[in-house]
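Work through these exercises with the structure open beside you. Try each task before you read its solution.

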Amino acid sequence: MATDEESRPVPPRGDAIAGDDVQSVVDTLADRLGRSVAVDDPQLHLIAASRHFGDEDDIRVRSVIDRKIPPELQRWVLGKGVADWKQPGRVTGDPDTGLAPRLCFPIRCNGMLLGFLWLIESGAATGGEPHPAVTEAAESIGLILYRRMVLNERRRSRVESSLRMLLSPEKDDRYRAIDEIREEQLLAHSSHLVVLVAEADAEPTGDTALALEAAAERMERRLPRGSVLTLVRGRRAVVAVGGPRPLSDRAVRELAERFREDFGRTTRPERTCAVGLSATVHGLEAVVDAHRQAGTAVRAAALLPVFGGIASWSSLGPFALLLRIDFDQLTQDLPFPGVGDLLGNPEHEVLVRSAEEFLDRAGDSSSTAEAMHVHRTTLYHRLKRVESITGLSLDDGMDRLTLHLALKMARINTARRSSS
């Protein structure tokens, strides 16, 4: 059986296409032809572009700046069937978007579509056989992209294996993972680490995993090389981000927001994912603890609307403890006298909300009444009814704690039932 190296095509040897990266091949070809050249990936995201020679259109200029074209134009171009082309072809222009006619050269290697090489059409290049240098460049770029893909897949496999062991409950596995990450230089910096756990809102499918992987890959592109480890399992993705300095809370929150947005772009509109964020930890040895924190936080983000789909460990408050309770082991005979009567009657909903707001505000009746948009007298009447139904006294510290815990547990349990 041939090895990967033995089965790869032999690279072209033309001096005009010298270079071992896509940009150098593109620049050499552009200078030889005296024309602008661009290379996109299969989704029409820009990989490399030459300098302009006066033949560029508005779309070419925008794609160089944005590294991609507008989604509607992307759909229009792909709708021409270019992904199925085996030979070069012509894509007609679109006056509505300012797209000039283009020559499209599919970039393939070992039968795989790896991208497209584009030349904006000019009189000197229409009709007849394509310039041999263009064909040669497309072949060279195909080989480069193929090798890059193979290397990326190998690295991704090592990353997934190492991160899986790093999250293991077994110390020996974690120590072995730390050694591998350091030896393979999979993470450039581990002084400060934060873990994100993303969980899709439905049963795992191929589309779910694809959307999670795409979102994780886009995060890798935004961050410095060697700063991200990712692992996708079922409907959950784990992302560890490391750096020489701690990320700010705002920066971590923005990563989570972008992850959710990217997930939504790849899956159906009704699908979403929740994201949990750990605190910043120091050293690879602490990643397992950060993962535990992020796992608790993602439960809060998925179950409790108050978090808006993203929850950080530092923002959980009492939920950091309550979400670790195995509710399936709880019985109805909880040591909260009368609380079941309060929670079990739908007509008591306003009483429950008033009591929870009052306790969340540390018993400040003025701010509670203002938040509930009621007079303080009305609030006092509601709280007295709560005391009467539950048999608890809101003047007693232990009774307050008992009621507060019961209300928070009830909120989590209600969310669990509605999501199952």
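**Exercise 1. The S4–S5 hairpin**

Task: Find how many bridges join S4 to S5, then inspect the turn between them.

Solution. This is a predicted model.

- Step 1. S4 and S5 run antiparallel, and eight bridges join them.
- Step 2. Take one facing pair: Pro106 is opposite Phe116 in S5.
- Step 3. Go to the turn. Two residues separate the strands of this hairpin. Asn110 lies in that loop, between S4 and S5.
- Step 4. Check the backbone of Asn110. Its phi is near 50 degrees, a positive value in a residue other than glycine.
- Step 5. Classify Asn110 by accessibility. Partly exposed covers the range between 20% and 50%. At 42% relative accessibility, Asn110 is therefore partly exposed.

**Exercise 2. The whole sheet**

Task: Work out the strand order of the sheet, and identify which strands are at its edges.

Solution.

- Step 1. The sheet is open and has five strands, in the order S2-S1-S5-S4-S3. The pairing is antiparallel.
- Step 2. Look for strands that pair on one side only. These are S2 (46-49) and S3 (89-91), the edge strands.
- Step 3. From one strand to the next, the twist averages 30 degrees.
- Step 4. Follow S3 to its neighbor. S3 and S4 (residues 102-109) pair in the antiparallel sense over three bridges. Val91 stands opposite Arg102 in S4. Gly89 has Cys104 of S4 as its bridge partner.

**Exercise 3. What covers the sheet**

Task: Name the strands touched by helix H3, and decide whether S4 is enclosed or open.

Solution.

- Step 1. Helix H3 (residues 58-66) packs on the sheet. Its contacts are with S1 (38-40), S2, S4 and S5 (112-120).
- Step 2. Compare directions. H3 makes an angle of about 110 degrees with S2.
- Step 3. Add helix H5 (residues 132-166). H5 lies across S1, S2, S4 and S5. Its direction is at about 140 degrees to that of S5.
- Step 4. Now judge S4. Seven of its eight residues are buried, so S4 is largely enclosed by the rest of the structure.

**Exercise 4. Two loop residues**

Task: Decide whether Ser168 is buried or exposed, and do likewise for Ala362.

Solution.

- Step 1. Place Ser168. It sits in the loop between H5 and helix H6 (171-184).
- Step 2. Apply the cut-off. Buried means under 20% relative accessible area. Ser168 has 10%, so it counts as buried.
- Step 3. List its contacts, leaving out residues up to four places away in sequence. Ser168 touches Asp173, Arg174 and Val288.
- Step 4. Place Ala362. It is in the loop between helix H12 (349-360) and helix H13 (365-372).
- Step 5. Apply the other cut-off. Exposed means over 50%. Ala362 has 66% relative accessibility, so it is exposed.
- Step 6. Check its backbone. Ala362 is not a glycine, yet its phi is positive, near 55 degrees.

**Exercise 5. Salt bridges**

Task: Find the salt bridge partners of Glu217, Asp262 and Glu254, and state where each pair lies.

Solution.

- Step 1. Start with the total. The count comes to 18 salt bridges.
- Step 2. Glu217 pairs with Arg221, with the closest N and O atoms 3.0 Å apart. Both are in helix H7 (residues 206-222). Because they are four residues apart there, about one helical turn separates them. Glu217 is partly exposed at 32%. Arg221 is exposed at 54%.
- Step 3. Asp262 pairs with Arg222, and here the closest N and O atoms are 2.6 Å apart. Asp262 is in helix H8 (residues 249-266) and Arg222 in H7, so this bridge ties together parts 40 residues apart in sequence. Asp262 is buried, at 0% relative accessibility. Arg222 is partly exposed at 34%.
- Step 4. Glu254 meets Arg250 at 3.4 Å, N to O. Both belong to H8 and are four residues apart, about one turn of the helix. Glu254 is partly exposed at 39%. Arg250 is exposed at 66%.
- Step 5. Finish with a network. Salt bridges link Glu199, Arg235 and Arg236.

**Exercise 6. A nonpolar surface patch**

Task: Find which residues form a nonpolar patch on the surface.

Solution.

- Step 1. The patch consists of Met398, Leu401 and Leu405. Together they have about 280 Å² of accessible area.
- Step 2. Locate Leu401. It lies in helix H15 (residues 397-419).
- Step 3. Classify Leu401. With a relative accessible area of 44%, it is partly exposed.

Methods
Residues are numbered from 1 along each chain as its sequence is written. This is a predicted model: local features need pLDDT of at least 70, side-chain atom pairs count only at pLDDT 80 or more; totals for chains, interfaces and linings use all residues. Side-chain values use heavy atoms; hydrogens and water are left out. Two strands pair if DSSP finds at least two bridges between them. Axes are lines fitted to C-alpha atoms, for helices over the stretch in contact, and angles run from 0 to 180 degrees between N-to-C directions. Contact means heavy atoms within 4.5 Å. Buried means under 20% relative accessible area, exposed over 50%, partly exposed in between (1.4 Å probe, protein chains only). Patches are made of residues with over 30% relative accessible area and no salt bridge: like charges are joined within 9 Å, nonpolar side chains (Val, Leu, Ile, Met, Phe, Trp, Tyr) within 5 Å. Accessible areas come from the Shrake-Rupley method with a 1.4 Å probe; for residues, only the protein chains shown count as cover. A salt bridge is a side-chain nitrogen of Lys or Arg within 4 Å of a carboxyl oxygen of Asp or Glu.
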